[in-house]
Amino acid sequence: MKKLIIITTLYLISQIKTQYFLHPQNNLQQDSTQMTSLTIQSKNTSNSEFCFGTPLNYFSFTLHSSSNDFSLSENNYPLLTIREQNQINILSKKLTLNETYINGNLKIKGINQWKLIYEENFDESIEGWSNKTISKCNGITMLGGYCIFSKGETEKIYDKLPEHNMIRIQANFHFIDNWNGESGYLKINNGKNGEMNYIWIESYTAFEGNYGINVCGGKMPEGKFSSPIDVVVNHNSDSIKIAFGSNLEMDPCDESFGISGVRIFVR
Ligand SMILES: [Ca+2]
Ligand SMILES: [Ca+2]
């Protein structure tokens, strides 16, 4: 790198700062230097610094004597600092990453953010559900659906949840065909001895008229084809059992439900 101008700043024991300019006009000019080790060690009251660039425009690595922070700076403005106890602060105004892996918590202004742990769209493998028949309706692949789920439940245990205090369950509940005020529900095993408790219930009555839209199953229109479930409850166990169900009474080809887009978040 012929155009690279290196300013090496060394602090001598006498605290007299000596700069070595590796510059075309300087006697120290050379195209490259090879070494196996370079240590920059200042006296306690001075920073240890290594700079690339010109005196007016440069990047520097600095170990600050007062704080023991190590920083990468542009023109003395810190872009990244490494503090004691392995704390890294990125002070740059923009940060671009190709991929990010977060093993612990993500906090924004001190608040833990939701972490998506499980997501199921039922397009690929379906594992763990007590009744795992799927169907496709109106372009949506769903667990259950027309002629499949009516009265009863399908349940699944999600395990290996990371440490958390709250859990958030999202899904879409699809009411299909001839509901007459019956209810669809979501239960989880947060009872005293792991009993299943209702955490979401919604009832629906189908309406047969000129204004209905029939998108799924039989001829009865779907007035609530996709009802979003989004429930947050206190929870700290490393597993959870959830069950979707209904108290429908008729044949699933007359009235049915389906589930799509299940997501489990914790924080
Ligand atoms: Ca009915
Ligand atoms: Ca229908």
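The following paragraphs describe the strands, the nonpolar core and several individual residues of a predicted model.

The chain contains 19 strands and 0 helices. Of its 267 residues, 21% are buried, and among the contacts with a separation of 6 or more, 60% link residues that lie 24 or more positions apart. The average pLDDT over the chain is 88, and 89% of the residues reach a score of at least 70. Residues 1-18 have a pLDDT below 50, although this stretch makes 30 contacts in the model beyond its near neighbours in sequence.

The largest nonpolar core comprises 30 residues, and those with the most contacts inside it are I169, A171, F173, F175, L186 and I259. At least two residues of this core are supplied by each of the strands β12 (140-144), β14 (166-177), β15 (180-188), β18 (240-246) and β19 (255-266), with β14 giving the most, namely 6 residues. The surroundings of L186 can be described in detail: when residues up to four places away in sequence are not counted, L186 touches I169, I199, W200, I229, V231, I242 and F244.

Strand β19 deserves separate description. Of its 12 residues, 9 are buried, so β19 is largely enclosed by the rest of the structure. Its pairing with β14 is antiparallel and extends over 10 bridges, and within this pairing H174 has G258 of β19 as its bridge partner. Strand β10, which spans residues 115-120, also pairs with β19 in the antiparallel sense, in this case over 5 bridges, and here L116 has F265 as its bridge partner in β19. A further antiparallel connection, made of 2 bridges, joins β12 to β19, where G144 stands opposite G258. G258 is thus named both as the bridge partner of H174 and as the residue opposite G144.

Within β19 lies R263, a residue that is partly exposed because 17 other C-beta atoms are found within 10 Å, a count below the 20 required for a buried residue and above the 12 that would still count as exposed. Apart from neighbours within four places in sequence, R263 is in contact with L116, Y118, E119 and Q170. The C-alpha atoms of R263 and E119 are separated by 4.4 Å, although the two residues are 144 residues apart along the chain.

An open sheet is formed by 4 strands in the order β13-β18-β15-β16, with antiparallel pairing. Its edge strands are β13 (152-158) and β16 (197-205), each of which pairs on one side only. With direction ignored, neighbouring strands of this sheet are turned against each other by 15 degrees on average. Inside the sheet, β15 and β18 are paired in the antiparallel sense over 5 bridges, and Y185 has G245 of β18 as its bridge partner.

A hairpin is formed elsewhere in the chain by β6 and β7, with 3 residues between the two strands, and Q85 in the turn has a positive phi of about 65 degrees. Strand β6 covers residues 77-83 and strand β7 residues 87-90, and the two run antiparallel and are joined by 4 bridges. Among the paired residues, R83 has Q87 in β7 as its bridge partner.

Positive phi values in residues other than glycine also occur at N75, where phi is near 50 degrees, and at N138, where phi is near 55 degrees. N75 is placed in the loop between β5 (70-74) and β6, whereas N138 is placed in the loop between β11 (134-137) and β12. As to their surroundings, N75 is exposed because 10 other C-beta atoms lie within 10 Å, while N138 counts as partly exposed because the corresponding neighbours inside 10 Å number 16.

A further asparagine, N214, is found in the loop between β16 and β17 (227-234). N214 counts as partly exposed because it has 15 C-beta neighbours inside 10 Å. Leaving out neighbours within four places in sequence, N214 is in contact with K219, M220, P221 and E222. The C-alpha atoms of N214 and F225, which are 11 residues apart along the chain, are separated by 9.2 Å.

Key. Residues numbered from 1 in each chain as written. Chains lettered and ligands numbered in written order. Predicted model: local features only at pLDDT ≥ 70, side-chain atom pairs only at ≥ 80, totals over all residues. Contact = placed C-beta atoms within 7 Å. Core = buried A, V, L, I, M, F, W, Y, C linked by C-beta atoms within 7 Å. pLDDT = per-residue confidence, 0-100. Pairing = 2+ DSSP bridges. Axes fitted to C-alpha atoms, helices over the stretch in contact; angles between N-to-C directions.
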